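User: I've got a chain on screen and would like to talk through how it is put together. Can you take it one question at a time?

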Amino acid sequence: MTILAVTGWGGMLGQAMTREIPPAQLRLLDWRLLEGGGAAACEAFAVLQPDWVIHCAAHTDVEQAERDPDTDYRANVALPARLAELCAQAGAGLVHVSSTGCYGAWKDTPYVETDRGQPTTVHHRHKLAGEQAVRQSGCRHIIVRTGWLFGGDAAGPKNFVWKRIIEARQTAQMASDTSQRGVPTNCTDLARQIVHLIEAGGQGLYNATAGGSASRYDYVAEIVRLAQIECRVVPGPAFPRLAPVSPNETAINQRLDDEGMNLMRDWRDGLADYVADLLEAERCNG
Ligand SMILES: NC(=O)c1ccc[n+]([C@@H]2O[C@H](COP(=O)([O-])OP(=O)(O)OC[C@H]3O[C@@H](n4cnc5c(N)ncnc54)[C@H](OP(=O)(O)O)[C@@H]3O)[C@@H](O)[C@H]2O)c1
């Protein structure tokens, strides 16, 4: 039986990973133990004996990373570097979750894995450096670049989908940015894809986003439509951001396609299931 240890299990993707992995195979690895390195981290590995670690823990606040790069560096470069060394020593494989933001802003069309990384923000420079540290460690690894994740409980602090539903219920018209494009990706789909990659013997770098692409405007309009709310969504300007995020975070899962491993659905299908789940949970909770 393959033992899969998950870091960051309280986060959006981490939660989905813990639901996807059968309980007998699942172990939880606390990223705080790894931060200090040393004996505690080695002991955690000795106890858990993972075949693979699925590293979902990260500092994910792109805006905050511009103000406090050190915290972001510790989480997104130093931590995966330490984890990768431990995996190399223990003979475990590492799935490192990264971002399509690593490609940067030099193309108008979706990025593929052979495109160079030229990130435009502190956070994405760190995510790219974290990938490089994983490669340099010599551990067996799969690096998954994803983006625009949604999932988890309605109450989650980063729940973009639920926040738009609440907002749309309170107003007749909402404006949303047409200039930024990405691929809204269901965390449950990504969790399934990651387990499949491990089982199917994937190695190296893979894009793993949903199929298709959307502007923020398309995304918000689809959320409102699926939730059947009488609110008009109109094209609007980009909201001001500290982080110079690329206007194009779209990607194609070229390697997953080439290797016959692509399980990712179109973004609209993943979103439809998720909105239905949120509304069903609301009905059940009264
Ligand atoms: N969300 C997106 O749209 C998106 C886009 C591209 C890539 N990704 C990548 O996908 C992965 C999962 O993202 P997510 O959206 O699920 O993240 P998330 O919901 O923000 O959860 C991240 C988890 O990381 C842990 N964490 C918080 N601060 C940390 C720190 N300073 N150092 C280390 N770990 C810390 C937390 O664990 P505890 O709960 O134990 O405190 C948290 O549960 C990350 O690698 C992220 O970079 C996400």
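Analyst: Start with contacts, meaning heavy atoms within 4.5 Å. Taking those in the protein chain with a separation of 6 or more, residues 24 or more positions apart account for 80%. Bear in mind that this is a predicted model, where local features need pLDDT of at least 70, side-chain atom pairs count only at pLDDT 80 or more, and totals for chains, interfaces and linings use all residues. Residues are numbered from 1 along each chain as its sequence is written, and side-chain values use heavy atoms, with hydrogens and water left out.

User: What radius of gyration does the protein chain have, next to a compact globule?

Analyst: The radius is taken over C-alpha atoms, and the globule rule is 2.2 Å times the number of residues to the power 0.38. With 286 residues, that rule lands near 19 Å, so the chain agrees with a compact globule at 19 Å.

User: How much of the protein chain counts as buried?

Analyst: Buried means under 20% relative accessible area (1.4 Å probe, protein chains only). Out of 286 residues, the share that passes is 52%.

User: Which residues of H8 are buried?

Analyst: Helix H8, a DSSP run of H or I with at least four residues, numbered from the N terminus, covers residues 187-199. Its buried residues are Cys187, Asp189, Leu190, Ala191, Gln193, Ile194, Val195, Leu197 and Ile198.

User: At the start of H8, which backbone nitrogen does a side-chain oxygen of Asn186 reach?

Analyst: The other end has its own feature, with Gly201 taking a positive phi of about 80° just after H8. At the start, the Asn186 oxygen comes to within 2.8 Å of the backbone nitrogen of Thr188.

Methods: Helices (H or I, at least four residues) and strands (E, at least two) are DSSP runs, numbered from the N terminus. The expected span of a helix is 1.5 Å times one less than its number of residues. Buried means under 20% relative accessible area, exposed over 50%, partly exposed in between (1.4 Å probe, protein chains only). A polar contact is a pair of N or O atoms within 3.5 Å; within protein, one must be able to donate a hydrogen and the other to accept it, and residues adjacent in sequence count only if both atoms are side-chain atoms.
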